[in-house]
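Dear colleague,

Please find the structure below, followed by what was found in it.

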Amino acid sequence: MVSSKSNQQGHSWTLALMVTSTAIGGTFQYGYNLAIMNAPTNFIQGFVNDTCRERWDVQLEDYQVTLVWTIIVSMFSLGGLAGALIAGPMTIHFGRKKCMLLNNVYLMSAALLALTSRAARSFEMIIISRVLVGINAGISMNVQPMYFGESAPKHLRGAVSLSCAVFTAFGVVLGQVVGLREILGSEPYWHYLLASNAIPGFIQLLTLPWFPESPRYLLIDRGDKEACIKALRRLRGCEVQAGELDEMLQEQAQSSGVRPSRPWELLADRAHRWQLLSVIVISSAMQLCGNDSIYLYASYVFKEAGISVEKIQYITIGTGTCEFSACILCNLLIELKGRRFMLMGGYILMCCWAVVFTIALSFEHVVSWMPYLSMTCIFTYILSFGMGPAGVTGVLPTEFFSQTARPAAYMIAGSMMWINLFIVGMLFPFLVSSLGQYCFVPFAGVCLLSAMFVGFFLPETKGKTLSEINSEFNKSWKVFGGAHTPMF
């Protein structure tokens, strides 16, 4: 049955439980696998050195050990790029839910390799494990926001999609806690730490099959109206509203006979060029701003800030807690303040704190309390990231593109995100060593340019239909013709 009452509201736990089940084996893994690599840094570097000495009777130089370690860390990004590229075809052929379930094959394989690498005396197995867990994260980062955006009602679309960032931050916090020396971050247990990501995967495999597929996928891609209505009824906890179903049917009619776009076709489509350019810029900025590098190389950052080695593992928990708290707050504010305000405000604050951080690093040997200001700047930098870019970035492709273009859009956005994470991850240790106290100056420049781009060219999408958003894009980009676009 379809209800014609536009004000009918349902109160169902199904949507909330579906979000939890999907995310705990999805974007949670991205944050968790970023965080757990910091604690065993010295132990894995020692393992690499010992393995080379046993095999080839070669003692590696410090820079060689750093290079191998950087490769191990950065393989996660290359795996993520591969995952982003295959996520689109997988969602088209298997659907959003089944794709998330199949994704655990990569995760379980990665956990097995990590668990047995120490006994096998093979650091190459760790590298392969990081590639596989990266593929898992790359698929999750694309499919999960797509699944959420297509399953949530319009008035909750932003908040539900933003839960991807909340669970990413939760994964970071839990990874930092599990990585403490008192738990799994000690020398005898580091291989168990790298394999512990299998536990959230098992939880997802046990729970996600009980929840419905994306209603939009069922109707538009599969043409199954009855299954769509059934899924909507379960997710809303009430009878399906006629307006919501009519909007889906209209999109189905527009997509009828049109196959899903391929990435290169979307790149050549002039009708979507501004939407695509915006997604590329914002997805790239999310990694080029340097926030995730703090998690990958927390020890490097805090040592540069003058923090003692004994305190670093406890301070890093604060970084994840900051982003987790900020993402929850952003989740509450996004439907009130809108995407554009949160995104732009986050980048402006990040730019300001990067400048203060640079000043603090410059005077850390002159003023005794400067290391504490440096630490505060790192926390506020991460807070600002969580308040905007961390969550809003993943929402945009769902709202910018139609059902047929959405998988390709996420492939392109995900590819840009992972390519830039790889670049920053490879360069960051050398950036810290070469620029010293000025290591965050390039990130400040990225944040400033990103804020300007959002302010001038990105339209607000809160509560709007796809046609309304496309119309807003056309108005915003008339700036090239001399029209003025207000910042707010």
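A residue is called buried here when its relative accessible area is under 20%, exposed when that area is over 50%, and partly exposed in between, with a 1.4 Å probe and protein chains only. By that criterion, 58% of the 488 residues of the protein chain count as buried.

This is a predicted model, in which local features need pLDDT of at least 70 and side-chain atom pairs count only at pLDDT 80 or more, whereas totals for chains, interfaces and linings use all residues. Residues are numbered from 1 along each chain as its sequence is written, and side-chain values use heavy atoms, with hydrogens and water left out.

The secondary structure of the protein chain comprises 24 helices and two strands (DSSP runs of H or I with at least four residues, and of E with at least two, numbered from the N terminus). The C-alpha trace spans about 70 × 50 × 40 Å along its principal axes.

The largest nonpolar core (buried Ala, Val, Leu, Ile, Met, Phe, Trp, Tyr and Cys residues joined through side-chain atoms within 4.5 Å) holds 120 residues, of which Ile44, Ile72, Tyr347 and Trp418 touch the most other members. Helix α7 (residues 123-151) gives this core its largest share, 12 residues. Apart from this core lies another of nine residues, including Leu219, Cys228, Ile229 and Val240.

With contact taken as heavy atoms within 4.5 Å, Tyr347 is in contact with Ile282, Ala285, Met286, Cys289, Pro389, Cys447, Ser450 and Ala451, leaving aside its neighbours within four places in sequence. Across the protein chain, 83% of the contacts between residues at least 6 apart in sequence join residues at least 24 apart.

With best regards
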